[in-house]
Amino acid sequence: MTPSDSIETVIEQFAALPTIGRKTARRLAFHLLRQSEATVEAFAKSLVRMRAEVRECDVCKTFTDRERCGICSSEKRDRSIICVVEEPGDVLAIERTNEYRGLYHVLHGALNPLDGIGPEEIRIKDLVARLDGSVQEIILALNPNVEGEVTTQYIARLVAPLGIRSTRIARGVPIGADLEFADDATLARALEGRTTI
Amino acid sequence: MTIRSVTVVNVRNHERSELECAQHVNILSGRNGSGKTTVLEAMCLGALARSFVPVNDASLIRRGEEAASVTVHAQRDIDVPYFVTVRLREGSRKRIESSLGSNLTPRDIVGELPVVTLSPDHKSITFGAPSERRAFLDAVMAQASRRTTDLLFELRRILKQRNAMLDAVDVDETQLTLWTEAFITVSAELASRRARFLKTLLPLIQQSYEQVSGKAEEINVVYEPDGLENVDVATETVESIAAALRETASRLAFRERQRRSTLFGAQRDELSLRIDGGIVKESASQGQHKSFLVALKLAECTILHDVRGERPVVLLDDVFSELDRSRCERTMELVLAMGMQCFVTTTEGDTIASMVPAGTDARRIILERGHIVDMREAA
């Protein structure tokens, strides 16, 4: 028996979201109940609006409100480099560094035969279509797991005949961390990718 | 490592049991179903985040309860305390907390509290399929090096992906080549590591066998990596092992398509146990099987001690089902000589107690239906 079906429905909805368990879901639901009606309405509307208006950028396939995202339409970006990532969230991560001035391409996934995801299911064709004469380098910044690795190799092979330089981001020890606490796999890769000084 | 105490809550038939342990020998006795093995399983859970009995976590939780937990307090050889708590809850992932921190994964704690178990299930190492012997070697290597744990995980993952590719209606050639290459890279490194590890382990196995059996039979363990018949994996570089695997892959390509499955690689390696030149599984006597198994386990103890700089805790589950009196006595002697703490479960507590050498810190723990009913000095 639950005292209110509508509260229970909201809890179920929250609990269905990633990283949210039932306890947090309950807390969120009761928090919203204590807010003014206007606040909750604005919250609900913003969700509906986001779903209705956000779409993929025509060029880089990241999420945006317009036909072309802010990065693709900016005059200041270097159009000769494209950084390829798996998810729109990865674009934000790289943008936070303030170090990269090129463009992006979001694949929306990685090759994963177990889940039936092949080259057709992710935006690889769209990437190849973008590789006209102006692009000189693509940086492959996919997740460091087996699926990301195979996708990286796949794309590298695909663009090799086009004479475009393909690079991958380095793998190594995080800045500010103690070497002794780095995990073995990362440390091994960091040793492998050592550079001359 | 010395285990000081173990607290078992809602694991199998234990509601709440607290065990204070003796420095050297702990004899857990009681009738069948009294929960002796469960105490060893709990220690294993604290060491490896899983039981040594192949079961899923949910079946470890006491019937009618939602959650279970195990806490182990131990003392490292360098006299520093160590603790670990593993909580199981149905339908959610296990929560692990230890001296290292909270919110840990099984990967973080494997090797911290080194344990070596010998249970009736382990009979399959000498009697059973190649997968059992591979699992033995991999488990020892995983406790000794984390890189091996990662490689084994990657191998499983890539193998599944590659099999899914081979099973597809239209096989994408480019993609299959890439999965094959990824699979070969991991297989080659694993083969090289297994071979090099066995090189260190073999003399220890031979020495232990002699100590246990008192005989001069010639013991050998030969690593037979799949698809690498003409390659000396122990000395070749990973790159040249990979090159040899590439040849195997192209030779088998057609058959793999027909069978829609991977037909080579490190998941098919064999570890052949030999005694006087013959294969143990085919030619050894019952006694030789037992001595071999104990030799493997004792070698595991020594190598874990060497690699981690920590003496492992030895868990002997229902020893008399596996060993006769003299082997059992010999094993316990060797374990104690190495200065390792051991836990023994048995229905014949008196017999085991009579084997404990004088001057040993030993305790007898009597269990009944999931409760510790008595704990007393055994000497």
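Colleague: Where do we start with the word "buried"?

Modeller: Buried means under 20% relative accessible area, exposed means over 50%, and partly exposed lies in between (1.4 Å probe, protein chains only). This is a predicted model, in which local features need pLDDT of at least 70 and side-chain atom pairs count only at pLDDT 80 or more, while totals for chains, interfaces and linings use all residues. Residues are numbered from 1 along each chain as its sequence is written, chains are lettered from A, and side-chain values use heavy atoms, with hydrogens and water left out.

Colleague: Why does B:Cys301 count as buried?

Modeller: Its relative accessibility is 2%, and the cut-off is under 20%, so B:Cys301 counts as buried.

Colleague: What makes B:Cys301 too far from B:Cys342 for a bond?

Modeller: A disulfide needs two cysteine sulfur atoms within 2.5 Å. The sulfur of B:Cys342 is the closest to that of B:Cys301, yet lies 9.7 Å away, so there is no bond. B:Cys342 is in no disulfide, its nearest cysteine sulfur being that of B:Cys328 at 9.0 Å. Over all chains, the structure holds zero disulfides.

Colleague: Why is B:Arg157 with A:Glu147 called a salt bridge?

Modeller: The rule asks for a side-chain nitrogen of Lys or Arg within 4 Å of a carboxyl oxygen of Asp or Glu. In this pair the closest N and O atoms are 2.6 Å apart, so the rule is met. One salt bridge is found across the interface of chain B and chain A.
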